[in-house]
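Here is a briefing on the structure shown below. It goes by topic, from charged pairs to rings, burial and surface.

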Amino acid sequence: MSGSKPDILWSPHHTDRYVICDSELGLYRIGPVGSAENKVGALLLSDETAATLLAINSDTPYMKCVAWYPKQEPECLLAVGQANGRVVLTSLGQSHSSKSKELLGKEFVPKHARQCNTLAWNPVDSNWLAAGLDKHRADFSVLIWDISSKFSPEASVVTEKNRLPSGDIDSGMVVTKPLYELGQNDACLSLCWLPRDQKLLLAGMHRNLAIFDLRNTSQKTFVNTKAIQGVTVDPHFPDRVASFFEGQVAIWDLRKFEKPVLTLNEQPKPLTKVAWCPTRTGLLATLTRDTNIIRLYDMQHTPTPIGDETEPTIIERSVQPSDSLIGSFAWHPTTQNRMVVVSAANRAMTDFTVFERISLAWSSTTSLMWACGRHLYECAEEGGGSWEGAVEKDIATKMRQRAQSQYGHDTVQVWMNHMLAGGDDPQLKSLWFTLHFMKQYAEDMEQKQQSSKQVLVYSGIKNIVKSSSGTTENRRCWSGSERQANVLWFHSEERSLALRLCGWISQGPDIDVEPFLRSLEGDGEWERAAAVALFNLDIRRAIQILNHGASSEKGDINLNVVAMALSGYTDEKSSLWREMCSSLRLQLHNPYLVVMFAFLTSEPGAYDGVLYESSVAVTDRVAFACMFLNDTQLPRYMDKLTNEMKEAGNLEGILLTGLTKDGVDLMERYVDRTGDVQTASFCMLKGSPGEVVKDPRVQCWIENYRNLLDAWRFWHKRAEFDIHRSKLDPSSKPLAQVFVSCNFCGKSISYSCSAVPHQGRGFSQYGVSGSPTKSKVTSCPGCRKPLPRCALCLMNMGTPVSNCPDTRHGTGTSDEKVDLTRNNKLSHFNNWFTWCHNCRHGGHAGHMLSWFSDHAECPVSACTCKCMQLDTTGNLVPSDSL
Amino acid sequence: MELHILEHSLKVASIAKEGIQICTHGLIKLAFLPSKTRCKFFSLTETPEDYTIIVDEEGFKELPESEHLSVAEATWLALNVVSGGGSATNSQPIGVTKIAKSVIAPLADHNISVFMLSTYQTDFILVRERDLPMVMHTLSSEFTLLRVVNGETVAANSLGVTNGFVKPKLVPRPIIHPLSSPSNMFCVTSLDPDTLPSVATLLMDVMFYSGGIKEPGASNEDSGHIRFFSFSLIEGYISLVMDEQTTQRFPNNVLFTSASGELWKMVRIGGQPLGFDECGIVAQISEPLATADIPAYYISTFKFDHALVPEENIQSVIGALRTNESAGQ
C-alpha cells in the first residue's frame, strides 16, 4: 500500500486518547508534560502536553478509512474500511469483555470488491455501520452492516455458491449480507448519519448528495452537485452540513436542500479535510493538500439565511499549528478550540489550540470588558494607588460627576458652572466667566434695547475690536505721581467692552479696576492683582498689593522684595535698575511678576514680553492689549492669539472667538483633545440665536452627550438636558411622533390636536392633559365617545389617578374625579396612557407600574401576556435620581 | 431511470500492433500519469488484431500522428445509465443485459449505431455526436435525460427534433455475424488507483510486451486461446479485463476480486471487421441474453465486438445465439 495519508480520530469517550492511522493504527494518550505516566517515550506535542504511544495495530493492511465505535463499551473498537471494500472490526489495546471478543475480527464483505471510501457508525443504533464504496456496475455503493448479525445459514449458502476462498470462512466471522443496500450503480465518497433521525443517512454520491431514508429505501432526496466529499453535520446545528469538492466548501441547509446556502472562497489546492468544531458553534476548519496552515471559517454570526439574497458574513482566518506540512487534524471533542495536528511526512504531532478572536468593549464608565471564547473578563479599575489619579483625570469620570452636580444648568450665575465642574480647571473657569460676562452685557443691552450690540458681544473680542472706531489715545500719568508716563493708552467704547468681557471692569463708563483688584486680593492672587494695578499705571497700588500679599497668611514673603524692586522704577533709559530688571526678571517664577517688569522695561508700543508670555491668563493679556496696542497692532495681535488658541483648543480663546464659527473650530480642537462633549454642548447652547447650534459638529456633540447620559442610565439628567436645550434652542424640540388616537374616530385624543390638527406636540403633553376648562376629558374630543378604561381601576382613561389606594380597586367616585380634574396635576405621569404593544391592554401609568412591581402577567383576567418582560427597558433602573 | 450524457468528446482509434512503439509514450502517460494530462476518459483494449484506443479530446493530443494510427472519423459521446431511486430488486442482471431492452434495442430500432464499452464499474454506450438528437428523442420516454456540464448534472433539454424519424421496424433481429468462443477465461476486475504505481511495470509488460512471448499470429494457430486485454481509466476509476493466466502474475490482494470470484468466457462477434456504420449488432447479442437473464459484459473494439458471459452459462449462450443465427439464415 502506498501513499496513505495519515488521519486522526479522537476517542469518543476518553478525552485524552486518540488514534493515528496511516499504514497502521497507533493509539496515543495525551497528558501534561512530565506527568508520571508520560515520562518514558513521551512525544512532546506542545509546551505543556506530551503524548505516549499506548498500542499499535498493524493487522489490517490496505486501510482506506477508519471509524471509532461510538459506545462506551467495547471502548476501543474500530471499524477499518479496506481498499478491497471489506470492513474489518479491530481494536487497539486490550479489552477483554465478551462483547468485544465476539466482534473483533469480524469482516463485512461486499459482493464486488472495490475501494471502501468511508465509514460511519449510527450514533443511536450503534450496531449499524454504514460503509460507502466505489462504483461497481450493478452493485450497491452504500451498505449498512449490522455488526451483531450472526453468520447465518442462508448467508453460508450464498458464500459457498460464490466460491469464497476457504480461508475467509473462519468461524462465522465473515458477513456478506448487509442490512440495507443503497445507491445502486453509483459511487459513495462520503457518509454521515443525520441527527434528526437515526434512519436518515446523508451520502456524497457520484455527482450528487443524497439523503437515504431507511424507513423507505426506495425513496431518496438528492441534489446534483459536485461538492460531495467529506459530508459532515454541524454538531451544533443539525440542519447545517458542509461538503467539499476540490478547493471549494459548500454549506447546505437540509431544510432548503436545493442548493448550497453558501460556498466558501475557493482555495487554490484541493481540500482534504473539513471539520466543524465540536466545542464552538459555527467554526469550520478546512485543510488543503500540501500546506502548513489550517483555514478557519467563523460563521458565528450567520443568521440562518432564508432568502436567496442574504449572504451571511463569514470571518476567514488561518492558523499555522507547526512548520511542517499538515497531514490531518482533529478537533478535541471537549476542550474548547483545541486540535491535534499530524504532519504529512513523519507522523509528528502538534497539540494546538486555536486562539479565539477577542472582542473588546469600553463601558461608558471606566471599566473595560473583553470576551475570549467562553470567557468574559471585566477590567474595572480599583481605587487606590496611582490608578486613582488616572480614573479621576478620566474625562468620562469627570463628566459623570459634573452631570450629577448639575454642571451647565446654572443659567443665572453662569460663572458658577465652573464651580459645579469642580472649580479646578482654569480653562473652564475662563470659559464660564467669559460666558457670564457676555450674558451680563447682553442683558444690559436688552434693557437698553440695543440688540445689535447684543449680537456683537457673542462674536468675541476679536470681532469686537475690529469693529472699533473712534479710538482716542492719550498719555496717562502714573497715578499718585506727577510724572508723565511714557506710554500711550488707548480707549474706545469697544475696547472698554472688551475690558469688561475680560472681567477687568464692570458695568459703567468708567475704567475702574478697583473692584476687580479687590476680588483678586480676596482670592489671594496677589501677583496678578499687582500686575493689573500696574497695567493701570498705579504703581503705588501695585506695591500696596504686594505688601498685602507678603503679610498675608498664605502669601509669599518675597513679595516684599518685589515691591521694593518695583518702587525703584525709573523711566531713565540707561539706568542700572532698568538694565538689571530687564535681565533678571526672566528668573522670576511667577509669570505676573515677569510681565510687570517686562512692562516697565519695554519700549512704548513694544510689549511682546507681556503679550507673548503664555503663562499669563489670556483674559489679562487681551485686556492689556486693548489698553496698550494701537488700532493696527491690536487686530494683528488678536488674530495671532486667536489662531494660537484655536490651534491649542484652549477654551480661554472663546473670549476672543466668541460663540462663532471660529469658536466652534476652537471647541472642535478642544473636544478632539479632551473628549469633553459635555462642556462643548453646554457652551454652544449658550450661543445667541444660534447659527452655531446648527453647526453639524455642535449637533454631533449634543447628540453624543445625550447618548452618553443614556448609556450611564442618567435618564433624568438627559431629560433635564433636553429641557435645558429646548429652552435655549427652541428648534431642537422634536415634533410629536406618537399620538393616542381614538378607537372610534381615529383622531388624536389630545385636546390641542383636535383644535389644531397635526400640530406637533411633545409626548408629555397629550394623553389626558386636556385643559381643566374642558368638561369631558374622559371622552374623545373629536367624537365624544368614551376613552378606553384602565384595566385596573376600570375607569375611563382621562380619569386621574387618586393616590387613595381605593381607586386601585375601582371605587373612585365621580365626585372625586371632578375634584381631581380641577387639580392641576392632570398631566402627571401617573395619569398617562400606557399599554402593552403585544396584548394591547393598558391603563394609567401609575396603576400599571404598581401592578407590575409585583405581577408578571397582564392585569386583564385571562390574558397571560407577560407585558413587562417584553419591555426591554422596563426593568432597567435609572442610575441617577431626580 | 436516468440516462447521463457525459461531457467527454471521444475519439475511437486503432493502433496497429507493429506501430505500438511509437505510441507507448503517450499511452503510458494516459494510463499511469493521469495528473500529467487533462484526460478524463481513456481505454486501451488489445486484441489479436490491434490496439483499440478510446480517449477524450484532451487525451487524443498525447497521441502522435502516424500511419499506424487509424481514427474513426466521428466524435463519440458516452451515455451512462444510472438506476435512480436505489430500488433494491433481488437479482440484478449485470452489464449490457440490464440495458439491452431499454437502451440498445430502441437505438437499434432507430438505426443508431452504438459502440459499447463495459468496465468493472459501469457500461458506457458510445453514440456518434451527430446522432445525439435522435438518441435523445428515442430514449426520452424511458429515461430522465441528464447532461453533465462541468461535472454537474443538469437536465438535458430536448433538441426539438421530433419529426421525420424512421418508423422503428419491429422485426426479429437475427444474428448475422459469425461467432467464436475462445477457450481462455477472463476476469473483469479493478484496483485501487493508489496501488497503480506499484503494478505499473507489470501492466506495461502485459500491455505492450506480452505479444512478444509468442510469435505474432501464433495466437491464431492456437485457436483455443485469444490474446485480449483491456485497461481503462475513466474519471479516476480503473477497470481491467484480462485472462485468468494474466491475473496470476499480479501480487495478492492488489486486484479487486469479487466475493464470488466469478470468471467469464468470451464470445467474439464478427468474421471480418465490422465497421462503424452497421447498427443492431449489440442488440442481436444482448437481446437473447436478456431474455435468458444471463449477465454479460460487452466490449466493442475497432474491428470486432466481444461479449463476456459467465463461464457456467457459455453453453446455453452459444445455444441461444446459434438458434438466432440459424433463424437469420
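Arg347(A) counts as buried, because its relative accessibility is 17% and the cut-off for buried is under 20%. Its salt-bridge partner, Asp22(A), also has 17% relative accessibility and counts as buried. The model is predicted. Over all chains it holds 47 salt bridges and 38 aromatic pairs.

**Salt bridges in chain A**

- Asp22(A) and Arg347(A) form a salt bridge, with 2.8 Å between the closest N and O atoms.
- This pair links distant parts of the chain, 325 residues apart. Asp22(A) is in the loop between β2 (17-21) and β3 (25-32) of chain A. Arg347(A) is in the loop between β28 (338-343) and β29 (349-353) of chain A.
- A salt bridge also joins Asp197(A) to Arg215(A), where the closest N and O atoms are 3.0 Å apart.
- Here the partners are 18 residues apart, and again they link distant parts of the chain. Asp197(A) sits in the loop between β15 (188-193) and β16 (200-205) of chain A. Arg215(A) sits in the loop between β17 (208-213) and β18 (220-224) of chain A.
- Asp197(A) counts as partly exposed, because its relative accessibility is 23% and partly exposed lies between the cut-offs of 20% and 50%.

**A salt-bridge network**

- Asp662(A) and Lys462(A) meet through their side chains in a salt bridge of 2.8 Å, N to O.
- The link runs from helix α20 (residues 661-674) of chain A, which holds Asp662(A), to helix α8 (residues 461-466) of chain A, which holds Lys462(A). The two residues are 200 residues apart.
- Are Asp662(A) and Lys462(A) buried or exposed? Both are buried.
- The pair belongs to one network, joined by salt bridges that share partners. Its members are Lys462(A), Lys646(A), Lys661(A), Asp662(A), Asp665(A), Glu668(A), Asp695(A) and Arg697(A).

**Aromatic pairs and a cluster**

- A pair of aromatic rings is described by two values, the distance of the centres and the angle of the planes.
- Over all chains there are 38 aromatic pairs. One of them is Phe624(A) with Phe628(A), a tilted pair at 4.8 Å centre to centre and 45 degrees between the planes.
- Phe624(A) and Phe628(A) are about one helical turn apart, because they are separated by 4 residues in helix α17 (residues 618-628) of chain A.
- Phe624(A) has 0% relative accessibility and counts as buried. Phe628(A), at 1%, counts as buried too.
- In chain B, the ring centres of Phe276(B) and Phe302(B) are 5.1 Å apart and the planes are at 75 degrees, so this pair is edge-to-face.
- The Phe276(B) and Phe302(B) pair ties together parts that are 26 residues apart in sequence, because the two residues lie in separate loops of chain B. Phe276(B) is in the loop between β14 (264-269) and α8 (281-292), and Phe302(B) in the loop between β15 (297-300) and β16 (305-310).
- Both Phe276(B) and Phe302(B) are buried.
- One aromatic cluster takes in Trp504(A), Phe516(A), Phe535(A), Phe599(A), Tyr607(A), Phe624(A) and Phe628(A).

**Charges over rings**

- Arg402(A) is placed over the face of Tyr407(A), 5.6 Å from the ring centre.
- In chain B, Lys17(B) has its charged end over the ring of Tyr51(B), at 5.2 Å from the centre.

**Chain A as a whole**

- Chain A has 28 helices and 36 strands.
- Of its 882 residues, 49% are buried.
- Among contacts in chain A with a separation of 6 or more, 50% come from residues 24 or more positions apart.
- The exposed area of chain A is about 41,700 Å², and carbon and sulfur atoms supply 51% of it.

**An enclosed helix in chain B**

- Helix α4 (residues 132-139) of chain B is largely enclosed by the rest of the structure, because 6 of its 8 residues are buried.
- The buried residues of α4(B) are Leu132(B), Met134(B), Val135(B), Met136(B), Thr138(B) and Leu139(B).
- What do they pack against? Their partners in chain B are β1 (2-16), β5 (76-82), α3 (96-109), β7 (123-128) and β8 (144-149).

**A nonpolar surface patch in chain A**

- Phe355(A), Ile358(A), Leu360(A) and Trp362(A) form a nonpolar patch on the surface. Together they have about 520 Å² of accessible area.
- Phe355(A) is in the loop between β29 and β30 (358-362) of chain A.
- Phe355(A) counts as exposed because its relative accessibility is 58%, and exposed means over 50%.

How values were computed: Residues are numbered from 1 along each chain as its sequence is written. Chains are lettered from A and ligands numbered from 1 in the order in which they are written. This is a predicted model: local features need pLDDT of at least 70, side-chain atom pairs count only at pLDDT 80 or more; totals for chains, interfaces and linings use all residues. Side-chain values use heavy atoms; hydrogens and water are left out. A salt bridge is a side-chain nitrogen of Lys or Arg within 4 Å of a carboxyl oxygen of Asp or Glu. Buried means under 20% relative accessible area, exposed over 50%, partly exposed in between (1.4 Å probe, protein chains only). Rings of Phe, Tyr and Trp (its six-membered ring) pair if their centres lie within 6.5 Å; planes under 30 degrees apart count as stacked, over 60 as edge-to-face and the rest as tilted. A charge sits over a ring if NZ of Lys or CZ of Arg is within 6 Å of the ring centre and within 35 degrees of the ring normal. Contact means heavy atoms within 4.5 Å. Accessible areas come from the Shrake-Rupley method with a 1.4 Å probe; for residues, only the protein chains shown count as cover. Patches are made of residues with over 30% relative accessible area and no salt bridge: like charges are joined within 9 Å, nonpolar side chains (Val, Leu, Ile, Met, Phe, Trp, Tyr) within 5 Å.
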